[in-house]
Amino acid sequence: GCGRGCKFCVTGHSYKPLRHRGADQVIASALAGLEFRPTIGLIGAAVSDHPDIEKICLEIIRAGGQISPASVRADSLTPVLLEALAASGARTLTIAPEAGSERLRSSLRKGLTDEQILSGVNGAVKAGLRRLRLYFMLGLPGETEEDIQAIATLIKNARRQGAAHVAASICAFVPKPQTPFEREPMAPVKVIRQRMSLLKRL
């Protein structure tokens with residue numbers, strides 16, 4: 001599960017209560033996995049939210065393994081986690097702001113500020129992860145052209161943190177069943193294309 005409750009995501013609303021697998025159990029499974037491959041994938045809706053994520057990463061690294069997390073949140077990145085990623089050979093950090101503006105992220109219950117995102121990017125660059133991938137959605141409920149402009153601004157500000165390469169992955173918002181947005185309409189294709197064109201120009 002996930003304790004964040006983002007309005008667009010099924011996991012936080014369909015799998016309750018939030019449960020964390022015990023750190024010792026995760027470590028034991030990881031060590032067993034290292035007998036077969038050098039890299040351990042850490043899978044979960046918000047892997048970096050695990051209360052013992054640093055301990056898990058350090059134990060895998062100490063055992064000579066590498067980590068590959070499914071997802072990390074900018075506001076839960078720590079120097080230990082970033083160093084573990086760098087030690088694993090990672091050079092790219094993926095962050096999902098979902099929307100360009102703090103106003104829209106707040107309405108999604110994403111709960112990430114520009115400062116938190118850019119701080120995460122800065123920490124990643126210092127740790128040696130100088131390639132950045134950012135995930136965004138277009139056509140979100142309540143979205144305006146100002147929110148599209150904010151995506152471009154956030155990308156440019158991420159570059160200013162010293163990232164050597166920034167890739168933005170953009171997709172159309174699709175309402176999911178069993179979420180607060182399940183009854184929201186998808187934006188018309190014409191609107192998505194217009195906003196994508198605007199974003200490319202910016």
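Arg 62 is exposed in this predicted model, its relative accessible area being 61%. This residue pairs with Glu 59 in a salt bridge whose closest N and O atoms are 3.0 Å apart. Both residues belong to helix α3 (residues 53-62), where they are three residues apart, about one turn of the helix. Glu 59, with a relative accessibility of 29%, counts as partly exposed.

In general, side chains of opposite charge can pair when their charged atoms come close. The structure holds nine salt bridges. Among them is the pair formed by the side chains of Arg 4 and Asp 75, at 3.5 Å from N to O. Arg 4 is placed in the segment before α1 and Asp 75 in the loop between β2 (66-69) and α4 (79-87), so this salt bridge ties together parts that are 71 residues apart in sequence. Arg 4 is partly exposed at 31% relative accessibility, and Asp 75 is likewise partly exposed at 28%.

A further salt bridge joins the side chains of Glu 143 and Arg 195, with an N to O distance of 2.6 Å. Here too distant parts of the chain are linked: Glu 143 lies in the loop between β4 (131-138) and α7, while Arg 195 lies in helix α8 (residues 189-201), 52 residues apart. Glu 143 is buried, with a relative accessible area of 9%, and Arg 195 is buried as well, at 18%. Through shared partners, salt bridges also connect Arg 4, Asp 49, Arg 73 and Asp 75 into one network.

The three pairs described above are set out below.

| Salt bridge | N to O distance |
|---|---|
| Arg 4 and Asp 75 | 3.5 Å |
| Glu 59 and Arg 62 | 3.0 Å |
| Glu 143 and Arg 195 | 2.6 Å |

The nonpolar interior is considered next. In soluble globular proteins, nonpolar side chains tend to be buried together. The largest nonpolar core of this structure comprises 46 residues, and those with the most contacts inside it are Leu 42, Ile 67, Leu 93, Leu 132 and Leu 134. Helix α7 (residues 145-159) gives the most to this core, contributing six residues. A second, separate core has nine residues, including Phe 8, Leu 108, Leu 140 and Phe 181. Beyond its neighbours within four places in sequence, Leu 42 contacts several residues, among them Val 47, Ile 53, Ile 56, Ile 60 and Ile 67.

As to confidence, the protein averages a pLDDT of 94, and 100% of the residues score at least 70. Confidence is lowest in helix α1 (residues 11-14), with a mean of 90, and highest in helix α2 (residues 23-33), at 97.

How values were computed. Residues are numbered from 1 along each chain as its sequence is written. This is a predicted model: local features need pLDDT of at least 70, side-chain atom pairs count only at pLDDT 80 or more; totals for chains, interfaces and linings use all residues. Side-chain values use heavy atoms; hydrogens and water are left out. A nonpolar core is a set of buried Ala, Val, Leu, Ile, Met, Phe, Trp, Tyr and Cys residues joined through side-chain atoms within 4.5 Å. Buried means under 20% relative accessible area, exposed over 50%, partly exposed in between (1.4 Å probe, protein chains only). Helices (H or I, at least four residues) and strands (E, at least two) are DSSP runs, numbered from the N terminus. Contact means heavy atoms within 4.5 Å. pLDDT is the predictor's confidence in each residue, from 0 to 100. A salt bridge is a side-chain nitrogen of Lys or Arg within 4 Å of a carboxyl oxygen of Asp or Glu.
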